[in-house]
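Notebook open, structure loaded. I'm jotting down what I looked up, roughly in the order I looked.

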Amino acid sequence: MPARIRRVKLRDQVAERLLEMISSGDYEVGDRLPPERVLVEQMGVSRTVVREALNLLENRGLVQVEHGRGAVVSANGARAVHENLGFLLRTQPGTLWELMEMRKALEVEVAGLAAERASEEDIAAMRAALERMREKIHAPEGYVDADVEFHDLLARSAHNRVFLMMIEPVAHLLLASRRMTGAQADNARRALRAHEAILERVEAGDAEGARREMREHMMTTERDIKATLGGKGETGERPEAAG
């Protein structure tokens with residue numbers, strides 16, 4: 001069967017290329033992007049398309065279009081990260097797995113830090129979320145909400161604001177895939193056991209053990225998502241559409 005053709009507006013294609021230029025480090029905060037006429041020549045599109053793409057990025061918080069200066073790169077906040085990762089998910093194949101790789105790297109270290117820094121109150125809150133997961137094991141919506149809450153509490157237990165700011169938008173974007181895997185009883189039970197093992201290591205103050213359990217959980221989650229999607233996230237279909 002021939003591969004599906006992705007229908008993406010010219011505006012979105014240009015915005016994606018501009019986003020890649022910014023995220024690659026070619027342009028720092030405060031730098032001015034090339035003038036519209038240069039972008040028109042470089043990308044082979046009309047001035048109208050370039051303006052629409054710049055307006056899209058401005059609405060997403062990545063650039064600020066200033067009179068007399070053109071488009072200037074803005075400082076990224078959590079909202080901008082969330083919006084633009086979401087844009088990549090919709091337009092660029094493979095982004096789902098790149099997000100999973102990022103989540104794996106972040107959450108493994110977060111688990112280790114939580115084992116070193118979590119207070120008694122932090123552990124009690126995580127245990128309560130774990131109990132809600134157990135109670136909602138046959139109710140996918142409630143189960144996934146409790147799952148997300150557990151990971152959020154774990155991140156807060158690391159007491160590192162930067163980690164928390166990075167994890168929150170990624171976790172939100174992966175919510176659809178979590179709902180898909182959580183809807184399957186075997187996956188939910190396996191994830192519940194993994195969360196119990198992670199919390200056990202955190203409560204014991206075993207940083208390396210917590211990292212090990214989280215790493216295994218992330219690898220299992222990735223396998224479950226791939227099995228559920230049947231590879232769609234790698235072939236160009238919109239992975240979030242399945243949720």
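What percentage of the 243 residues in the chain is buried? I get 45%, with buried meaning under 20% relative accessible area, exposed over 50% and partly exposed in between (1.4 Å probe, protein chains only).

**Ground rules.** This is a predicted model, so I note that local features need pLDDT of at least 70 and side-chain atom pairs count only at pLDDT 80 or more, while totals for chains, interfaces and linings use all residues. Residues are numbered from 1 along each chain as its sequence is written, and side-chain values use heavy atoms, with hydrogens and water left out.

**Overall layout.** I find 12 helices and 2 strands in the chain. Both kinds of element are DSSP runs numbered from the N terminus: helices are H or I with at least four residues, strands are E with at least two. Reading from the N terminus, I wrote the order down as α-α-α-β-β-α-α-α-α-α-α-α-α-α. Then I checked contacts, meaning heavy atoms within 4.5 Å. Among contacts with a separation of 6 or more, 71% join residues 24 or more positions apart.

**V14.** I picked this one in helix α1, residues 10-23. Buried or exposed? V14 counts as buried, because its relative accessibility is 4%. Setting aside neighbours within four places in sequence, I see V14 in contact with M43, V45, V49 and A53. V49 is 35 residues from V14 in sequence, yet the two C-alpha atoms are 7.7 Å apart.

**Helix α3.** V49 took me to α3, residues 47-59. I checked its length: 13 residues at 1.5 Å a residue should span 18 Å, and the end C-alpha atoms are 18 Å apart, so the two agree. The expected span here is 1.5 Å times one less than the number of residues. The buried residues of α3 are V49, V50, A53, L54, L56 and L57. They cover an arc of only 155° around the axis, so they sit on the same side of α3. That arc is taken from the directions from the helix axis to the C-beta atoms. After α3 comes G61, with a positive phi near 85°.

**Cores.** Next I went through the nonpolar cores, each a set of buried Ala, Val, Leu, Ile, Met, Phe, Trp, Tyr and Cys residues joined through side-chain atoms within 4.5 Å. The largest has 35 residues, and V110, M126, M133, Y143, L154, V202 and M214 touch the most other members. At least two residues of this core come from each of α5 (95-117), α6 (120-135), α7 (140-157), α8 (161-173), α10 (185-203) and α11 (207-229). A second, separate core holds 20 residues, including L18, L19, L39 and V50. Back in the largest core, what does M214 touch beyond its neighbours within four places in sequence? I listed E107, V108, A111, H151, L154 and I198.

**Helix α10.** Same length check: 19 residues at 1.5 Å a residue should span 27 Å, and the end C-alpha atoms of α10 are 27 Å apart, which agrees. Its buried residues are N187, A188, A191, L192, A194, H195, I198, L199 and V202. Their arc is only 165° around the axis, which puts them on the same side of α10. On the face turned away from that buried side I find the exposed residues D186 and R193. G205 follows α10, and its phi is positive, near 75°.

**Second largest pocket.** I put it at about 260 Å³. Its lining has 20 residues, with N187, R190, A191, H217 and T221 nearest the centre. Two or more lining residues come from each of α7, α9 (175-182), α10 and α11. The largest share, 7 residues, is from α11. For the record, a pocket is an open set of points on a 1 Å grid over the protein atoms alone, where a 1.4 Å probe fits, with protein on both sides within 12 Å along at least five of seven lines; lining residues have an atom within 4 Å of a point. Points are joined across faces, edges and corners, and the volume is the space filled by probe spheres set on them.

**H159.** I found this residue in the loop between α7 and α8. Its phi is near 55°, a positive value in a residue other than glycine. Most residues other than glycine have a negative phi, so I flagged it. H159 is partly exposed, with a relative accessible area of 48%.

**V148.** Last entry: V148 lies in helix α7 and is partly exposed at 26% relative accessible area. Outside its neighbours within four places in sequence, V148 contacts L175 and R178.
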